[in-house]
Structure formats: structure tokens, C-alpha cells
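Colleague: Thanks for making time for this one. Could you walk me through the strands, the helix packing and the cores?

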Amino acid sequence: MSNRHHLTIEIGLKIASLYPPGPTETDVASMDQLTTAELNRLITEETRQANDTDDMGHLLPFIFKSFNVDLLPTATSLRGSDNKPLYDPIKKIWPLACSEGGQAVEKTFACFLNALILSLSKSFPAQPLLPRWYGSTSTTPVGDGLVQRKPDLCLSGDVTLQWSSILVVAEMSASQFSLSMPAGKTLDTKAYLVFREQPWRRFVLFLSFTHQHRELRVHLYDHSGGIVTPAIQIHDQPDAFKYVMACIVFGSRHCIGFDLTISINTKTTKLLSGAFWARSIKRFPRRIKRAVAREEHTLQSYVQSHTNPQREFHSLPDRLPSPFPTEQPPKEKCTLPHPISTHSKQTPPLVNSSDPIGKITVNRNEYELLKVLFSHQGLVGRGTVCYLVRRDGQEYIIKDHWVTGDKDVILNEVNMLEALKGVPGIPQLVEYWLVEMAPDEVDDTQMYRQKIYSSTAGMYRTHVRLVLKPRARPLHEFRSRKELVKAIRDIVLIQKCAVEKYKILHRDCSLNNAMIEDIDGGSRGALIDWEFAACITSDDLYTAGGTGTIPFMSIDVLDAIGTLEYQQSQTAAEDRRKATDSSTRQEVPKLKHTYHNDLESVFYVFAWICIMYKGPHGQERRLEDVMDRDPKKADVWLPQQWHGPPEKARDISHAKYYFFSRGRSCIAEQFDPYFKDLVPLAEQWAEMIKKKEMKMEFDDISSLLDKHLAKLPDNEASLDFQTSSNKLAKRMGKEVKDIVTPKRNKAV
């Protein structure tokens, strides 16, 4: 058997790196372009051994190996509900698969597949509810208001078709198969959508029926790319066709990509994608009527939101919001400032997590799954999912992800957490597991490929789970301006401790990884996701993967990324396709990265929050609804300038350079009024970055933050919000209502 394997340079900048807020493209064509680019040279087409038409390739026998073929009847013995044969061996045809009289082929084929399932079910143990094939989605989009996609056929056990409940998708085409055909591209996007709503799956299994719907191919998508099996002629190879369809429906869920070490009730989980797609930071026109209506709603919901200030996540970052240690480490290890105290002696829970929604295994320990906190967006990549779990009455976070490299690289985060053990504000590792699908069989994406080819070496991923504690709040869930600035100061000091005492560089300080940890007596800043942290080298050069999240990257790192993207575009511009047989492996490049770059990133995190949020407890600000701002005179929003795909890295770098050289005056205009007291801090911080030419020191930043911390009040009232709300109510001719002011942090 021969295979075609190809590589795209892996620099850790796939779709997932576009957070925040993620791809703003929700139209079909744009999504097709994104997924095609992400799968560039990462699709393997299996081919048969010479002169062996019955050879099914490597993938199908492997993923279906647990299926008991002894129970399968022959194709000729299958009968429909009318007791007529489903297969005609003389004509060599499945009559029900052939549409007649202008009938829609999708609905005809769905009826045929359901008849086949019903007939096969007589040979297997009774099941309470068999999944069914649906053809209605060929004309009606699946229930998703974000990306309008119409799968030709869907297999689901739920009559209400959602991407969260779809098991398998099939596409129909009368054309000959090729990876570049529309049916192939649409499968890519639909695989993305299924992974987006079912991120716990090991892989997604799809089907295509092409060449007058006579050729069946199985498509597997995982976090290393995709595989396409050799064609099965459904009419000429009825038993092979029947075997595939039986394995999909009657085999273990393991056969279609579900992880047997985790069980989850999807009906108790929310749509995971909503917030990821919800916000856009384009230059919006003024929409006064919408703004008034939205602010009216805000007036009504403000009091409710403060009755439980620990709200759920508002966005889905591509980095894990991991937990942090509550224990105070020995002072001789690393000394950080005292936490800000809160009025309550006991921190309220982040979520109402009393009822489990599933179970998950790590080593031989079983944890109750309480909540999906976070999921990665994209096809190729780490596929990180963060779960809130419980065991023996204690709550933990499980980070479930797929990691490239040998064992040393796979366990890099484990090694870093062990080295930094006891540092305040850094996650505490409880246990880890290289996930096994069977005893001594570690789950990795290489298993689905027949062998390692030089062109794709380094692209395979191993399934890893970390158990960490405890959980924490995202930085944008701060309770007061003082707590925000204090947390940012603590993150600077965490970086200093890691660099100066442990010689470790984090390399990805972003909004995704900046958190607030609630501890006895108050709170403190925390820095998570040490997966791409590195021991500091003499030349400051590190593998490009894990260099950060684009909106928060430093100018120098963005320049380096831009150069790499340009070089790659020159070699791939004329040869961008999902598969080819002439590509050679390219070494993953290295980039220069220093602690100065991480310190610069902290500023972007601070500024982002002050522009994209309008108050404590994660109150999001809708930039398109900002009134009294003339779009003809106003500068483009900074988050818009700082956000974009990797190929725009150079432009983003230039925008940031211009900001520090001449554009700092826009800070006062763009910061939300709630943060007006922090404008002097931002302006002085930006001026310092300019004067020191991006080469700030830890003490420079921490001293500046301390100076402004001393000016912020301990008890913060919501007067700004109440004043603006009352003005709006008065303008709308409505009665001004008192708003309950929530309790704030008190400094110690």
C-alpha cells in the first residue's frame, strides 16, 4: 500500500490563534478558506495495494477492530420491511439507493440507509434507540445561527439536529472524487463545526458518496489533519459497504471517534461556540437605536448580574484557563505581595457545580465531570478542553489536550510545573496521564496512519491529561479596578520570579492566561498555561510554536512571525492544496524571545481589558454600540489594530510601533469611562515602553503599578456606571432607578 503524506509548517498559529475574538468570518466561503488553509498538506490519501480491490487500507480495520464481524449477515440475506431483498446480486445494485422520478437523492439515500440499519439491527442485540440518517439538512441548515451549513446527510440519535448531537456527516456528489472538489471542502468545515461542539472527541468520522453516488470513502479528521480511505464501490462491493455502515451504527462509539475514558451528557452542556463567534472588533458604524435598546437591557440586568458576581466565561480563548494553588508556599522560595482581601471570608463558587454531567478517567482515578469550562477552536492543533471536575469532595481542573513531539516535549508542561512548584500564582500539578485506549496503548494520532513519513514527521500528537488545582477567575472577571491592577502587578512579579530564580520563560502572556486566584484573605494574580515555557537559553532562540497569542505579542515577535509567514507564503503560494506527493519536511523554525517580550505583552493585556470591557465581573463592552464617538474623527479601535491572522503579523507590528511612537493620545478616548482613573497609568506605561525601546525591566513595571495602586480607593463604588445609566434612562424618558452597589475589595 502506498500513501501520500504532506506537511505544512507548524508554528502554532492556526485558527485557534485568532482569539480574541476568533474568526469573524461566518459565511461559508470564508470558513472553507480557513479550514482549507489549516489542513494545507495535512491530508493523507490511502491507496490500495496493487491488484487488490478488496484491500480497505490501514484506517478502517484499525478503528473498527473492536467490532464483532461474526454477527454480520451477508448482503444478499438482508430484507426490507416488506421482506424484499435490499440487495440484488444479479443486477449488482441496492435498488433503494437509486432515486427515481426526480426525487432528491439526499432523502432517497437517507431512507435507504435507514432501511439498511433496520435490517442489520435484527442481527445485533436490541438497542433502546437506534440513530437515524436524516436528509432534511440538505435544504435546511443545522441549528446554528453562526455558520449556515447544510450537510447532505446526518446520522444522529436526536431528532433535533445540532452540531453537538451529530455523530456522522455524509456528502453526496455525482462528480468524481478529489480533495479539491466542493464536497471535500465542505466536509472540512463541517468537521470543524462538529469538533467545535464536541471537543472531547478523538476524531470525527465523515463519509462521501461520489461518482454518481456509487463510491464510498471514509474521511477521518483529527488534530493532526485528515485521512481519506480508498473508494468502496457500494454496488460492486456490497459486503464491504455493509461492513462500514454496520460498524458506524452498531459498533462502539470508539469506532466513530468518541473517547471511552470520558462520558458526558451533551444535553447538559451549553453551545460551546456562541461566545467565540459573538464579538467582532471591526470598525463599527454608530448604531444609536441598538445602543439605547442594549443599554436599556443592561440597566435591567445589572442588579441581577451582581447577585452572583462569579459569572461564567464570556469568551472561549485558545489557551486553557487553568487553576492555581491556594496554599501559601514557603516564603523563602519566592516572595510576592500580600493579596487584596475581600469582605467575605469564603470565596463563593465560580459555578453551580453540584450535579455531575459525566465522568472522566485519569490513570486509575475517576472524576465527576461538573462543567466544560473551555474548549479549543480549530481542527489542527492541541484541541485543549478544560473541565471542572470533582473527586472525593475536592474540585480540580483537568486539562485535556494533544501534544506534538517526543516524551520530553510532551511532558514539558509537567516538567515546568514541577520546577516552579510552590510559586504563588502558578498551577499546582496533582497528576498527569498519557491517555491509553487499551493497556499500554497510548492514544496518539500516529496510530491512524500506516507509518511515519519524513514529510509529516513531527505532526503527530499524543493525548495528555493534567489534573490541576484549584480553579480561578479570568482576569477580566476582576471585582474592582484595584484588584485588576494588583493582579497585573502580581503577574509581572510571577514572571520575574520565574526568570530570575528559575531561569524559565513563559512565552505566552495573554488575556487567555492571566487569571485571578481567590485565596484566604483575598485574591492575587496568577499566570497559567506553561506548556510552551522554556528554560532560558544563551541565544534566546526557541521553537516558533507557542510564541504567544497574536493580539498580545510583542512588536519584535510579530516581526519575526511576519518574516516566517512571508517565507512560507513564497514557497506555498503556488502550491497550496491539501495533499501533494512532492513536498519535503521543513524544520520548525526558531524565534528570538526574551522576558522583555513577555513584559510588553502584559501592557496589551491591560489595555485590551480597559477597551473591551466596561466594568467589573466581566461586563463586556460592545464597541459598535459606543455612542458620542465620531467614526470619521476617531482612531480605529486598538484591539482591531492588534488583532488578525498570522499573515498580517507585520501589519500588526507596525500598528503597535505607531501606537507607541505617535498614537498614545487615543488611550483616553478608547478606554471605557469606568477605567478613566487608569488612563494616567496606561499613558505613563506606554511612554516608558517607548523611552526604553521595548526593553523594560520587571522593577520598572512593578514600581509603576505600585505607584498607581496606592492612588486607587479600597472601597470602589459603581458611581460611574450608575451616573451613565441614569443619564441614559433620563434621555429615554424613563424613571431613574437606584442600582444596588456591590461590595468591593478592601486592601490590606
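Modeller: Happily! This is a predicted model, in which local features need pLDDT of at least 70 and side-chain atom pairs count only at pLDDT 80 or more, while totals for chains, interfaces and linings use all residues. Residues are numbered from 1 along each chain as its sequence is written, and side-chain values use heavy atoms, with hydrogens and water left out.

Colleague: How many residues lie between β7 and β8 in their hairpin?

Modeller: Strands here are DSSP runs (E, at least two residues), helices are H or I runs of at least four, and both are numbered from the N terminus. Strands pair if DSSP finds at least two bridges between them, and four bridges join β7 (residues 215-222) to β8 in antiparallel fashion. Within that pairing, Y221 stands opposite G226. The two strands form a hairpin, and the number of residues between them is two.

Colleague: Which residue of β8 does T44 stand opposite?

Modeller: Strand β2 (residues 43-46) runs parallel to β8 (residues 225-228), with three bridges joining them. In β8, the residue opposite T44 is I227.

Colleague: What is the strand order in the open sheet of three strands?

Modeller: Its edge strands, each pairing on one side only, are β19 (473-474) and β22 (522-527). Strand β21 (residues 514-519) is joined to β22 by six bridges, and D518 has S523 as its bridge partner in β22. The pairing is antiparallel, and the order is β19-β21-β22.

Colleague: Are α14 and α16 roughly parallel or roughly perpendicular?

Modeller: Helix α14 (residues 649-662) packs on helix α16 (residues 679-691) with axes 9 Å apart and an angle of about 105°. Axes are lines fitted to C-alpha atoms over the stretch in contact, and angles run from 0 to 180 degrees between N-to-C directions. Angles of 65 to 115 degrees count as roughly perpendicular, so α14 and α16 are roughly perpendicular.

Colleague: And which residues of α16 make the contact?

Modeller: Contact means heavy atoms within 4.5 Å. From α14 come F659, F660 and S661, and from α16 come A686, I689 and K690.

Colleague: Which helix gives the largest share of the largest nonpolar core?

Modeller: A nonpolar core is a set of buried (under 20% relative accessible area, 1.4 Å probe, protein chains only) Ala, Val, Leu, Ile, Met, Phe, Trp, Tyr and Cys residues joined through side-chain atoms within 4.5 Å. This one has 81 residues, of which W530, F603, F671 and W685 touch the most other members. The largest share, twelve residues, comes from helix α12.

How values were computed
Parallel < 35°, antiparallel > 145°, perpendicular 65-115°, else oblique. Buried < 20%, exposed > 50% of the residue type's maximum accessible area, 1.4 Å probe, protein only.
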